Amino acid sequence: MPFDRLLLTGAAGGLGRVLRPRLKRLCTTLRVSDIAELGLAAAGEEVRPAALEDPQAMLALLDGVDAVVHLGGVSTEKPWQPILAANVVGVVNLYEAARKQGVKRIVFASSNHVTGFYRQDEVISPGDPVRPDGAYGISKAWGENVSRFYFDRYGIETACLRIGSSFPEPKDRRMLATWLSYDDLERLVCACLTAPVVGHTIVYGMSDNTTTWWDNTSARHLGYRPQDSSERFRAALEQRQPALDLEDPAIIYQGGTFVRTGPLD
Ligand code: 15L
């Protein structure tokens, strides 16, 4: 068993609910946290509600934890205030708590919206300059920078997952490029938790899709090998959505509809 105690934040969210039962095999105790309802603790679980913007609550939450999978926070475009609270202040509270409690590794759920203003006819790498497509993307770029500082200064390792679109199946043509199956999400998170050396790594969270805008070569040391592909959904999707409006910013840019959404009032 690689870990005594793993912490999963955002455990009540869409991907939190997917990972909660799947992370159990990596640890003796899985501590799950959120501000939303988490239900009862399953065998080997500890349920600990905590608000990211509360530094004392975060300090207590990370007590006795070996590693964190941080999915908590705002996960889509929203007004600035909730994003600043959860994704800007909340990430600082997480890393300060990690420093004080001696936590050595964090898997940080970043987002493809950190680079959403690159075009769909470009292939980019994690090392390219960020081009966030809204308040949410900016906040995730902030989180990546906070994590980089805590690695450079304090040696806390972080894998930043620029998650594409993790749903049971791709919902539109864009997601043929951005889709991350739930099984590949699990593979990616497990690789980040168990790789001997992570340092500070940024990786795009995508399956082995035929169409892709992201080159993960620089993150190969993680040992992540996606097994799924969006290709089997292509024919049905293209039939459902035949005409592409090439003037639409959501078709031009990688961030899709996010590029014309944020920041919201
Ligand atoms: C994200 O970051 C969101 O959390 C998710 O809901 C999707 O919209 C995804 O990006 C996407 O780009 O499809």
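In this predicted model, the second largest pocket has a volume of about 230 Å³. Its lining is made up of 14 residues, and those that lie nearest the centre of the pocket are Asn-216, Arg-220, Tyr-224, Arg-225 and Pro-226. Sorted by character, the lining of this second largest pocket holds six nonpolar, five polar and three charged residues. As background to such a search, rolling a probe the size of a water molecule over the atoms shows where empty space is left.

Turning to the fold as a whole, the protein contains eight helices and seven strands. Its radius of gyration is 18 Å, close to the 18 Å that the globule rule gives for 265 residues, so the protein is as compact as a globular protein of that length. Taken along the principal axes, the box filled by the C-alpha atoms is roughly 55 × 40 × 35 Å. Of the 265 residues, 52% are buried. The accessible surface of the protein amounts to about 11700 Å², and carbon and sulfur atoms account for 53% of that area. Contacts across the sequence are also worth a look: among those between residues at least 6 apart, 69% join residues at least 24 apart.

Helix H1 offers a helpful way into the interior. Spanning residues 14-23, helix H1 has Leu-15, Gly-16, Val-18, Leu-19, Arg-20 and Leu-23 as its buried residues. The cover over these buried residues of H1 includes strands S1 (3-9), S2, S3, S4 (67-70) and S6 (157-163), together with helix H6 (182-194).

Strand S1, one of the elements in that cover, is home to Leu-6. With a relative accessible area of 0%, which is under the 20% limit, Leu-6 is buried. Beyond its neighbours within four places in sequence, Leu-6 is in contact with Leu-23, Leu-26, Cys-27, Thr-29, Leu-30, Arg-31, Ala-67 and Leu-193. One of these partners, Leu-23, is itself a buried residue of H1. By C-alpha position, Leu-6 and Asp-54 are separated by 20 Å, with their places 48 residues apart along the chain.

Ala-41 sits in the loop that runs between strand S2 (27-33) and strand S3 (45-47). Its relative accessibility is 46%, so Ala-41 counts as partly exposed. Not counting residues up to four places away in sequence, Ala-41 touches Arg-20 and Val-47; Arg-20 is among the buried residues of helix H1. Ala-41 and Leu-30 are eleven residues apart in sequence, and their C-alpha atoms are 9.5 Å apart in space.

Further along the chain, Ala-98 belongs to helix H3 (residues 80-101). This residue is buried, having a relative accessible area of 0%. Its contacts, leaving out residues up to four places away in sequence, are with Leu-62, Val-103, Ile-106 and Ile-156. From C-alpha to C-alpha, Ala-98 and Tyr-150 are 9.3 Å apart, although 52 residues apart in sequence.

Finally, Glu-169 is placed in the loop between S6 and helix H5 (174-178). A relative accessibility of 40% makes Glu-169 partly exposed. Setting aside neighbours within four places in sequence, Glu-169 is in contact with Trp-179 and Phe-233. The C-alpha atoms of Glu-169 and Arg-232 are separated by 9.9 Å, while the two residues are 63 apart along the chain.

How values were computed. Residues are numbered from 1 along each chain as its sequence is written. This is a predicted model: local features need pLDDT of at least 70, side-chain atom pairs count only at pLDDT 80 or more; totals for chains, interfaces and linings use all residues. Side-chain values use heavy atoms; hydrogens and water are left out. On a 1 Å grid over the protein atoms alone, a cavity is a set of points where a 1.4 Å probe fits but cannot get out, and a pocket is an open set with protein on both sides within 12 Å along at least five of seven lines; lining residues have an atom within 4 Å of a point. Grid points are joined across faces, edges and corners, and a volume is the space filled by probe spheres set on the points. Ala, Val, Leu, Ile, Met, Phe, Trp, Tyr, Cys and Pro count as nonpolar, Asp, Glu, Lys and Arg as charged, and the others, Gly among them, as polar. Helices (H or I, at least four residues) and strands (E, at least two) are DSSP runs, numbered from the N terminus. The radius of gyration is taken over C-alpha atoms; the globule rule is 2.2 Å times the number of residues to the power 0.38. Buried means under 20% relative accessible area, exposed over 50%, partly exposed in between (1.4 Å probe, protein chains only). Contact means heavy atoms within 4.5 Å. Accessible areas come from the Shrake-Rupley method with a 1.4 Å probe; for residues, only the protein chains shown count as cover.
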